[in-house]
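Visitor: Pick one helix in this model and take me through it closely. Then show me what lies elsewhere in the fold.

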Amino acid sequence: MTIDLTDSERLAELDLDQLKQLVGLVEYDTKSDPFPVTGWDAVVWAVGNATQSAHFYMTAFGMDLVAYSGPETGNRDHHAYVLESGAVRFVLKGGVDPDSFILDHHRIHGDGITDIALEVPHVDVCIDHARAEGATILEEPHDLTDEHGTVRIAAIAAYGDTRHTLVDRSKYDGPYLPGYVERRSSLVRPDDAPKRIFQALDHVVGNVEIGHMDEWVDFYNRIMGFTNMAEFVGDDIATEYSALMSKVVASGNHRVKFPLNEPAVGKRKSQIDEYLEFYRGPGAQHLALATNNILDTVDRLRAAGIEFLDTPDSYYTDPELRARIGEVRVPIEELQRRGILVDRDEDGYLLQIFTKPIGDRPTVFFELIERHGSLGFGKGNFQALFEAIEREQAKRGNF
């Protein structure tokens with residue numbers, strides 16, 4: 001069994017050893033997979049102001065502008081900025097025409113993810129299987145062509161208004177897709193700025209209504225051939241006041257991972273309830289960005305004005321935590337100074353931290369994660385994390 005790099009990983013000059021550490025990549029035989037997924041293609045956003053959002057992600061998150069579509073390129077409907085950091089690609093879309101579907105999406109949901117696009121080797125094979133299993137086909141397979149070659153795409157519906165566009169760009173060498181032109185920013189970075197501050201996308205978490213988590217787990221199992229990777233229920237994922245249920249599905253090579261959450265009955269409104277209320281339905285809650293130096297990443301993001309959830313000092317002085325995590329690559333005091341959480345499982349350990357919501361609504365946020373062998377999601381940190389989220393909910397009056 002072999003693991004091939006995706007196009008974006010090659011362009012980011014990542015290698016397999018790096019990816020095994022960054023995102024927990026594993027070997028996988030695709031021969032019997034009815035819906036083979038190579039990896040992530042793009043995370044597509046609907047935002048209120050794509051021009052300003054692109055500037056935000058370039059200046060605060062260190063992403064690079066690589067392509068653009070808009071009125072100047074013949075696209076009268078919206079602006080679209082394509083940003084990259086390592087193997088991560090964001091496409092930020094903001095409506096120009098008042099009747100744009102992007103504006104309709106934004107009026108309902110606020111800034112959020114419309115499309116989690118996946119790279120696949122055979123679009124038609126995937127769509128044939130998805131159709132046979134009852135998936136909703138939003139776009140039939142078709143080609144997009146320009147002077148850089150041909151991309152074959154199709155799309156299926158996922159939870160809420162989220163979709164998965166399936167992309168085969170093996171015969172294309174343009175900056176993103178036909179209809180986009182190469183574009184660079186005039187932004188000048190400080191001399192000491194690294195090439196990038198995060199390298200890969202580890203996982204994307206989806207929130208769905210109570211009672212629907214297993215329905216979507218079955219969707220990814222049956223339609224897309226994903227396997228169940230983890231399950232968190234009951235005391236695993238509850239505080240004194242609120243609770244949720246979570247299951248994780250993953251592509252065979254673990255490059256694409258989708259934790260799926262639903263609220264559970266608690267004394268007060270959970271973070272999932274709050275998300276569903278303000279997003280007006282199911283959607284992508286947070287994205288985990290993989291970095292090989294979480295301390296430097298957090299320092300640079302915080303210096304750029306990004307706010308993180310606070311972790312109480314008692315978390316770091318807990319003797320049970322100290323005993324459980326053992327030795328990690330940096331002193332606990334350095335993690336404490338930055339509010340970084342640490343967890344260990346049978347395979348290794350991970351470091352992680354969560355931002356506050358990055359938009360006006362208390363919906364979408366980011367996780368930064370640095371893996372050292374662990375294939376998990378920080379189970380030992382759930383209570384500390386959820387209590388931190390509850391403190392923020394209380395400040396917003398939503399708890």
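Guide: The helix comes first, then the nonpolar cores, then two single residues.

This is a predicted model: local features need pLDDT of at least 70, side-chain atom pairs count only at pLDDT 80 or more, and totals for chains, interfaces and linings use all residues. Residues are numbered from 1 along each chain as its sequence is written, and side-chain values use heavy atoms, leaving out hydrogens and water.

Take helix α4, residues 101-109. Helices are DSSP runs of H or I with at least four residues, strands are E runs of at least two, and both are numbered from the N terminus. The buried residues of α4 are Ile 102, Leu 103, His 105 and His 109. They lie on the same side of α4, because they cover an arc of only 160 degrees around the axis. That arc is taken from the directions from the helix axis to the C-beta atoms. Buried means under 20% relative accessible area, exposed over 50%, partly exposed in between, with a 1.4 Å probe and protein chains only. An α-helix has 3.6 residues a turn, so residues three or four places apart point the same way.

What covers that buried set? The cover includes β1, β3 (78-85), β4 (88-95), β5 (112-119) and α7 (271-279). Contact here means heavy atoms within 4.5 Å.

Now the two ends. At the start of α4, a side-chain oxygen of Ser 100 comes within 3.1 Å of the backbone nitrogen of Ile 102. Just after α4, Gly 110 has a positive phi of about 75 degrees.

Next, the cores. A nonpolar core is a set of buried Ala, Val, Leu, Ile, Met, Phe, Trp, Tyr and Cys residues joined through side-chain atoms within 4.5 Å. The largest has 81 residues, and Trp 45, Phe 61, Phe 90, Tyr 220, Phe 258, Leu 287 and Leu 335 touch the most other members. Helix α6 (residues 213-222) gives the most to this core, with five residues. Another core, of 15 residues, lies apart from it and includes Val 44 and Tyr 172.

Two single residues remain. Ala 250 sits in strand β12 (residues 243-250). Its relative accessible area is 0%, so Ala 250 is buried. Beyond four places in sequence, Ala 250 touches Phe 226, Thr 227, Met 229, Val 256 and Lys 257. Ala 250 and Phe 226 are 24 residues apart in sequence, yet 5.1 Å apart in space, C-alpha to C-alpha.

Asp 33 lies in the loop between α2 (16-23) and β1 (39-46). Its side chain reaches the backbone nitrogen of Phe 35 at 2.9 Å. Leaving aside neighbours within four places in sequence, Asp 33 is in contact with Tyr 28 and Met 224.

Methods: A polar contact is a pair of N or O atoms within 3.5 Å; within protein, one must be able to donate a hydrogen and the other to accept it, and residues adjacent in sequence count only if both atoms are side-chain atoms.
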